[in-house]
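Colleague: I am new to this one. Could you walk me through the terms as we go?
Modeller: Gladly, let us look at it together.

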Amino acid sequence: MQSVFKNIATCIVCFVVICIVVSLLFTKQVVDLQTGRTTIPLHTQPISAQSEYIPWYAFLLADQRFLQVNEDTHVLLRRSQTEATSASVKHVMTRVFSSPVLLLLVMVMLILTLTRLRELRLQHTRSKALTDIDRDLKDIISGLEIDYKALPIGGTVAQISHAVHAIASNIQRIKINTDSHVFQDKLTKLIDRHAYIEHISNELAMAEQQQSKCGLLFIDLDGFKQVNDSFGHSFGDEILIQVAERLCQVVRQYQLQALHAVHGLDQNLSRLGGDEFSIFIPDLKDTGFCTEVAQTILGEIERDFVLGNKLVKISASIGIAVYPDSAATPNALLQMSDVAMYRAKTDGRGIFRVYSPEMGNKIRRYHYLLEELRLAIASQNFHLSFQPIVHVEDCSIDYFEALARWHHPIEGLIPPSEFIPIAEESNLILDLGDWILLESCRQMSAWHNAGMKRVRISVNVSGIQLKHRAIFDWVMAALEKTGLPPTSLMLEITESTLITASNEIIAQLERCRSAGVTIAIDDFGTGFSSLSTLADLPIDVIKIDKLFISQAKDNPKYYKILNSISELGTQLDLKIVAEGVEQVDQFELVKQMGIRCVQGYLVSRPETSSRVGNKVLKSNMNHIASTGTSVWLPESSN
């Protein structure tokens with residue numbers, strides 16, 4: 001507002017100055033005309049004919065008298081007793097406005113005006129910039145949650161100064177909050193992996209100077225994936241939060257806290273990611289202290305987790321590494337504890353293991369095979385073997401199980417028990433499983449066209465494949481591509497995988513059954529399925545785990561369980577297959593129990609497709625043509 005008044009006053013002053021100059025120049029021109037120093041057309045008339053006139057601008061031209069001559073305004077120059085001499089105001093004004101003085105004055109005024117306008121423009125730009133800065137500062141203050149009130153009076157500069165002062169007063173709190181957000185896991189409020197490794201690096205540097213030991217615990221939850229799949233990720237997140245709280249209690253119990261000086265977060269406890277946590281133990285006097293802490297953690301994790309109206313049980317596997325015995329750098333120490341944790345999982349879960357060099361050899365072997373497996377899958381360096389499953393009455397072939405074999409160019413034959421778990425953990429089982437299904441259907445299609453209409457091919461399907469493949473579309477695409485009827489295919493799924501399958505996967509399997517594909521539950525008896533669960537599963541075949549077959553003769557409990565499973569299959573109208581039959585007395589035992597199909601080395605080891613063709617097709621074509629199957633006599637009968 002002050003600027004507006006100032007601008008108006010400046011304009012008024014300029015106008016007054018111009019008016020004064022015009023008045024003075026007009027007076028000078030009149031004097032020059034009176035004294036004859038300049039000439040313009042003059043008009044003389046009798047005094048009796050003159051008529052005085054007062055124009056609107058008379059107040060600007062002081063001491064001048066004006067006449068009205070022939071409807072034109074004249075200024076009076078001189079007057080006698082008989083006549084008056086005057087000049088036209090227009091002519092005089094023409095002289096005035098063409099005066100160099102006035103032109104110079106106007107030019108100066110114009111320059112001053114333009115300069116003033118430029119200043120005003122710059123002032124407006126600065127004012128707008130200050131306003132924007134003030135607005136941005138207020139937005140920053142709002143984002144930083146600072147208790148701030150604007151000044152009741154004062155300009156923009158004063159408001160900016162007040163806002164900057166408010167931010168400066170809260171800078172320490174802002175720094176703490178910022179550090180917390182940068183280094184803190186958003187879900188559990190523990191420090192993240194990056195901050196944790198940085199802290200370990202500093203601690204190991206101190207330990208090296210002091211010649212002391214440190215311990216590191218790598219904690220991985222067992223069964224957490226099943227919680228996520230069964231109850232959803234929100235339940236899984238709540239589990240992680242409760243686990244973090246219990247670990248905090250353990251850290252406080254053993255006085256292991258190391259609070260950061262700025263943000264106050266405990267640096268000895270971290271969530272590394274997913275369901276992985278870690279605890280660092282500085283200045284370790286006795287390595288047995290690590291195992292004591294680990295045992296306490298296992299007990300805490302095994303306590304029930306309350307989620308709404310549900311009780312959830314999980315466990316943890318813990319790997320322990322010691323500095324400098326296991327490793328000398330933070331990342332290596334973390335890696336070695338990870339290796340020990342995987343050993344704990346391999347040895348049974350819900351336990352801890354301390355790193356040893358032997359474990360390092362195993363992990364190196366794991367990574368070596370992983371890379372070799374990638375190359376083998378890319379080059380399809382696998383082949384299939386086929387093991388027959390026969391009826392106990394006449395040894396007629398019920399189906400063949402397709403088994404993947406990997407003959408490494410250097411290592412030789414690598415057993416499936418070694419490379420299949422690696423393929424599943426790395427998801428390479430997806431590409432490998434695609435090849436196995438397609439190749440199995442292709443081979444069975446050839447045998448089907450050769451006359452084995454009643455024989456099926458069985459393909460093992462892992463939980464990873466069930467999760468990442470749309471099973472129905474995946475199976476139907478392979479059948480369509482190879483021309484194999486759905487009734488000639490069977491899918492084998494382990495008991496532990498089936499009982500944790502989602503409703504969507506169960507629905508996909510039901511669609512496969514409706515299309516004619518047979519579903520078998522493999523390794524039955526090793527999982528935890530109840531009879532009611534078994535009745536609800538979309539299965540046609542139960543394959544009894546070989547453990548029951550090998551123990552049934554000498555252990556009455558296993559005998560009773562085996563007999564119960566056989567009766568259960570009869571009641572549920574399910575086909576029962578006994579796996580791992582290797583001796584004649586085992587063959588006779590399962591036959592006596594009413595189990596109709598057997599699989600094992602007594603009947604045959606897995607054979608190549610060419611061996612199957614030579615044994616089955618070449619010598620039994622008439623039998624195949626009439627029955628749609630063939631006979632495979634046990635090895636001892638060949």
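Modeller: Buried means under 20% relative accessible area, exposed means over 50%, and partly exposed lies in between, with a 1.4 Å probe and protein chains only as cover. This is a predicted model, in which local features need pLDDT of at least 70 and side-chain atom pairs count only at pLDDT 80 or more, while totals for chains, interfaces and linings use all residues. Residues are numbered from 1 along each chain as its sequence is written, and side-chain values use heavy atoms, with hydrogens and water left out.

Colleague: Why is Asp220 called buried?
Modeller: Its relative accessible area is 7%, and the limit for buried is under 20%, so Asp220 counts as buried.

Colleague: What makes Asp220 and Lys345 a salt bridge?
Modeller: The term asks for a side-chain nitrogen of Lys or Arg within 4 Å of a carboxyl oxygen of Asp or Glu. Here N and O are 2.8 Å apart, so the pair fits the rule. Asp220 sits in strand E5 (residues 213-222) and Lys345 in helix H10 (residues 330-346), 125 residues apart in the chain. Helices (H or I, at least four residues) and strands (E, at least two) are DSSP runs, numbered from the N terminus.

Colleague: Is Lys345 buried or exposed?
Modeller: Lys345 has 14% relative accessibility, so it counts as buried. Lys345 also forms a salt bridge with Asp222, at 2.4 Å between the closest N and O atoms. That pair joins strand E5 to helix H10 across 123 residues, and Asp222 is buried too.

Colleague: How do you know that Arg365 and Glu411 are paired?
Modeller: Their closest N and O atoms are 3.0 Å apart, which is within 4 Å, so the salt bridge rule is met. Arg365 lies in helix H11 (residues 357-378) and Glu411 in the loop between strand E13 (397-408) and strand E14 (412-414), so the bridge ties together parts 46 residues apart in sequence. Arg365 has 27% relative accessibility and counts as partly exposed; Glu411, at 38%, is partly exposed as well.

Colleague: Which residues do shared partners join into one network?
Modeller: Asp220, Asp222, Lys345 and Arg349 are joined by salt bridges that share partners. By the same rule, the count of salt bridges comes to 28.

Colleague: Why is Phe5 called exposed?
Modeller: Its relative accessible area is 54%, and exposed means over 50%, so Phe5 qualifies. Phe5 lies in helix H1 (residues 2-35).

Colleague: Which residues make the nonpolar surface patch?
Modeller: Val4, Phe5, Ile8, Ile12, Phe15, Val16, Ile20 and Leu24 make a patch of about 800 Å².

Colleague: Which residues does the UniProt annotation "transmembrane region" cover?
Modeller: The unreviewed UniProt entry gives residues 7-26 and 96-117. In the model, residues 7-26 are 100% helix and 0% strand, with end C-alpha atoms 29 Å apart. Residues 96-117 are 91% helix and 0% strand, and their end C-alpha atoms lie 28 Å apart.

Colleague: What is the radius of gyration of the protein chain, set against a compact globule?
Modeller: The protein chain has 50 Å, but a compact globule of 638 residues would be near 26 Å. The radius is taken over C-alpha atoms, and the globule rule is 2.2 Å times the number of residues to the power 0.38. The C-alpha atoms fill a box of roughly 170 × 70 × 55 Å along the principal axes.

Note on methods: Patches are made of residues with over 30% relative accessible area and no salt bridge: like charges are joined within 9 Å, nonpolar side chains (Val, Leu, Ile, Met, Phe, Trp, Tyr) within 5 Å. Accessible areas come from the Shrake-Rupley method with a 1.4 Å probe; for residues, only the protein chains shown count as cover. UniProt positions are given in the numbering used here, feature names are shortened, and annotations may be inferred rather than shown by experiment.
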